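Trainee: I should like to go through this structure and ask, for each label, on what grounds it is given.

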Amino acid sequence: MNKRQNAYFCRKCKKATITIDVHEGTTPMFISCPSCGGDAISFMYQLPRILLMEEPEYEWYMPDVNETNVLSNQEKEHVLNGGLLLRKRTKI
Ligand SMILES: [Zn+2]
């Protein structure tokens, strides 16, 4: 699959959080900004070139069965509906 890069722009601290989809699934329109906890809005995968060149800090992933078991009910429902979860990327 084509890995899709996206970013979320925080209206409070003006920071863009770069993300990448490592699995197939849906991602939300808003996330809570990792820097300040404010509302960060999706670029809808239409990234300006300058953001495309940045290394993603976070990844959207589909949890496996073991990972799904420890989720909250709300998160489980999100995942069962094809939603991906966000986690910080670990450098290879
Ligand atoms: Zn912020």
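Mentor: Let us begin with a pairing: Ile20 has Glu59 as its bridge partner in E5. Please keep in mind that this is a predicted model.

Trainee: What makes E2 and E5 a pair of strands?

Mentor: Two strands count as paired when at least two bridges are found between them. Three bridges join E2 to E5, so the criterion of at least two is met. The two strands run parallel.

Trainee: Which strands form the sheet, and in what order?

Mentor: Six strands form an open sheet in the order E3-E4-E1-E2-E5-E6.

Trainee: Why is the pairing in this sheet called mixed?

Mentor: As background, strands of a sheet pair through backbone hydrogen bonds, either parallel or antiparallel. Here E2 and E5 run parallel, whereas E1 and E4 pair in the antiparallel sense over three bridges. E5 and E6 are likewise antiparallel, over four bridges. Individual bridges include that of Phe9 with Ile41 in E4 and that of Trp60 with Leu86 in E6. The sheet as a whole is accordingly described as mixed.

Trainee: What makes E3 and E6 edge strands?

Mentor: Each of them pairs on one side only. Strand E6 covers residues 85-88. As for the twist of this sheet, neighbouring strands are turned by 35 degrees against each other on average, direction ignored.

Trainee: How do you know that Glu59 is buried?

Mentor: Its relative accessible area is 11%, and buried means under 20%; Glu59 therefore qualifies as buried. Glu59 is in strand E5, residues 58-61. In that strand Glu59 and Tyr61 point one way, Tyr58 and Trp60 the other, and all are buried. This agrees with a general pattern: in a regular strand the side chains alternate between the two faces of the sheet.

Trainee: What makes the links from Glu59 to Arg87 and Arg89 polar contacts?

Mentor: The limit is 3.5 Å between N or O atoms, with one able to donate a hydrogen and the other to accept it. The side chains of Glu59 and Arg87 are joined at 2.7 Å, and those of Glu59 and Arg89 at 3.4 Å. Both values fall within the limit of 3.5 Å, so both are polar contacts. Beyond its neighbours within four places in sequence, Glu59 also touches residues including Ile20, Val22, Leu85 and Leu86.

Trainee: Is Asp21 buried or exposed?

Mentor: Asp21, which lies in strand E2, has a relative accessibility of 1%. That value is under 20%, so Asp21 counts as buried. The side chain of Asp21 makes a polar contact of 2.8 Å with the side chain of Tyr45.

Trainee: Why is Tyr45 called partly exposed?

Mentor: Tyr45 is at 21% relative accessibility. Buried requires a value under 20% and exposed a value over 50%, so Tyr45 falls in between. Tyr45 lies in the loop between E4 and helix H1 (49-52). Its phi is near 65 degrees, a positive value in a residue other than glycine.

Trainee: What makes Lys14 exposed?

Mentor: The relative accessibility of Lys14 is 55%, which is over 50%, so the residue counts as exposed. Lys14 sits in the loop between E1 and E2, and it has a positive phi of about 65 degrees although it is not a glycine.

Trainee: Which residues are the protein donors of the zinc ion?

Mentor: They are Cys10, Cys13, Cys33 and Cys36, each through its SG atom, at 2.3 to 2.4 Å. The cut-off for a donor is 2.8 Å, so these sulfur atoms qualify. Their spacing in sequence is C-x2-C-x19-C-x2-C. Cys13 lies in the loop between strands E1 and E2 and Cys36 in the loop between strands E3 and E4, so the pair ties together parts that are 23 residues apart in sequence.

Trainee: Why is the zinc site called tetrahedral?

Mentor: The angles among its four donor atoms are 101 to 118 degrees. Four donors count as tetrahedral if all angles lie between 85 and 135 degrees, so the site meets the criterion. For reference, the ideal angle for four tetrahedral donors is 109.5 degrees.

Terms used. Residues numbered from 1 in each chain as written. Predicted model: local features only at pLDDT ≥ 70, side-chain atom pairs only at ≥ 80, totals over all residues. Heavy atoms only, no water. Donors = N, O, S within 2.8 Å, 3.2 Å for Na, K, Ca; no water. Tetrahedral: all angles 85-135°; square planar, octahedral: opposite > 155°, others 65-115°. Buried < 20%, exposed > 50% of the residue type's maximum accessible area, 1.4 Å probe, protein only. Contact = heavy atoms within 4.5 Å. Axes fitted to C-alpha atoms, helices over the stretch in contact; angles between N-to-C directions.
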